[in-house]
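Please read the points below with the structure open beside you, and take them in order. They move from the chain as a whole to one residue that deserves a careful look.

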Amino acid sequence: MTQLALVIDLNVCVGCHACVTSCKEWNTSGAAGYLSDDNPYGKDPTGTFFNRVQTFEVGEYPNTQTVHFPKSCLHCEDPPCVPVCPTGASYKRKEDGIVLVDYDKCIGCKYCAWACPYGVREIDEHQHVMTKCTLCVDRVYDQTLPESERKPACVMACPTNARLFGDIHDPESGVSKAIQDNGGYQLMPEWGTHPANHYLPRHKQEIKVREEDLERVDNPLKVDGRLPKPALKSPSLDDVTSW
């Protein structure tokens with residue numbers, strides 16, 4: 001049976017959020033949209049996203065590293081969100097393994113969100129339905145697109161090719177080979193959900209820091225008397241700027 005999924009290479013993800021913005025752009029105007037926003041340009045913006053990137057600092061100073069961890073629905077092979085849905089709105093497709101939500105059946109009860117151990121389902125407060133990653137199902141089967149573009153929007157947008165897409169049940173697919181060759185792993189396998197999405201681990205890099213590099217000193221330009229000062233006859237901002 002086909003199981004479409006994402007494989008994410010944590011070693012090359014730079015946390016640019018291109019996957020987040022492209023996902024939002026495609027899906028808010030597509031079959032899964034819209035994805036509502038509240039106060040998007042204000043002090044406390046919020047909204048509905050299918051994909052988010054979490055950033056962590058690991059290690060202890062001075063040997064620290066920054067890890068960018070993209071996370072969306074993992075399209076589990078045994079999804080706990082499906083059996084708890086009282087209306088059958090959450091379902092897993094047999095033909096490709098994608099987990100979806102039927103908005104016409106969803107009543108926004110949030111049972112599926114409570115059942116999901118990964119926290120990747122988000123309620124749209126305006127539509128009062130549960131939303132999640134669809135693997136851009138409306139895109140990957142769109143015959144009007146060139147075959148090379150029949151991929152999730154996040155995969156197309158990633159500048160470092162950190163996101164791969166394909167059938168993990170096909171041993172000859174690029175995603176299956178990437179998992180096998182790079183020690184790909186599932187997120188929290190102890191839950192028994194068998195996530196379809198996999199991650200490729202970061203390579204451990206030893207950082208050598210010289211002791212003298214750890215000495216904190218003031219910026220020389222901030223020392224009294226060494227900051228550059230304009231001449232008295234130099235034009236002011238008001239003289240050269242048209243307000």
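1. A residue is called buried when its relative accessible area is under 20%. By that rule, 38% of the 243 residues of the protein chain count as buried, and you should keep in mind throughout that this is a predicted model.

2. On the overall build, the protein chain has six helices and 11 strands. Among its contacts with a separation of 6 or more, 57% are between residues 24 or more positions apart. The protein chain exposes about 15100 Å², of which carbon and sulfur atoms supply 52%.

3. Two of the strands may be followed by eye: strand β4, residues 51-60, runs antiparallel to β5 and is joined to it by 10 bridges. The two form a hairpin, with two residues between them, and one pairing to look for is that of threonine 55 with its bridge partner in β5, histidine 68.

4. Lysine 71 lies in the second of these strands, β5, which spans residues 63-72. Which side chain of opposite charge is nearest to lysine 71? That side chain belongs to glutamate 122, which is 9.4 Å away, and lysine 71 is buried yet has no salt bridge; the cut-off for a salt bridge is 4 Å.

5. The side chain of lysine 71 does, however, reach the backbone oxygen of tyrosine 118 at 3.0 Å. Leaving aside neighbours within four places in sequence, lysine 71 is in contact with several residues, including Phe50, Asn51, Arg52, Gln54, Val120, Leu187 and Tyr199.

Note on methods
Residues are numbered from 1 along each chain as its sequence is written. This is a predicted model: local features need pLDDT of at least 70, side-chain atom pairs count only at pLDDT 80 or more; totals for chains, interfaces and linings use all residues. Side-chain values use heavy atoms; hydrogens and water are left out. Helices (H or I, at least four residues) and strands (E, at least two) are DSSP runs, numbered from the N terminus. Buried means under 20% relative accessible area, exposed over 50%, partly exposed in between (1.4 Å probe, protein chains only). Lys and Arg count as positive and Asp and Glu as negative; His and the chain ends are not counted. A polar contact is a pair of N or O atoms within 3.5 Å; within protein, one must be able to donate a hydrogen and the other to accept it, and residues adjacent in sequence count only if both atoms are side-chain atoms. Contact means heavy atoms within 4.5 Å. Accessible areas come from the Shrake-Rupley method with a 1.4 Å probe; for residues, only the protein chains shown count as cover. Two strands pair if DSSP finds at least two bridges between them.
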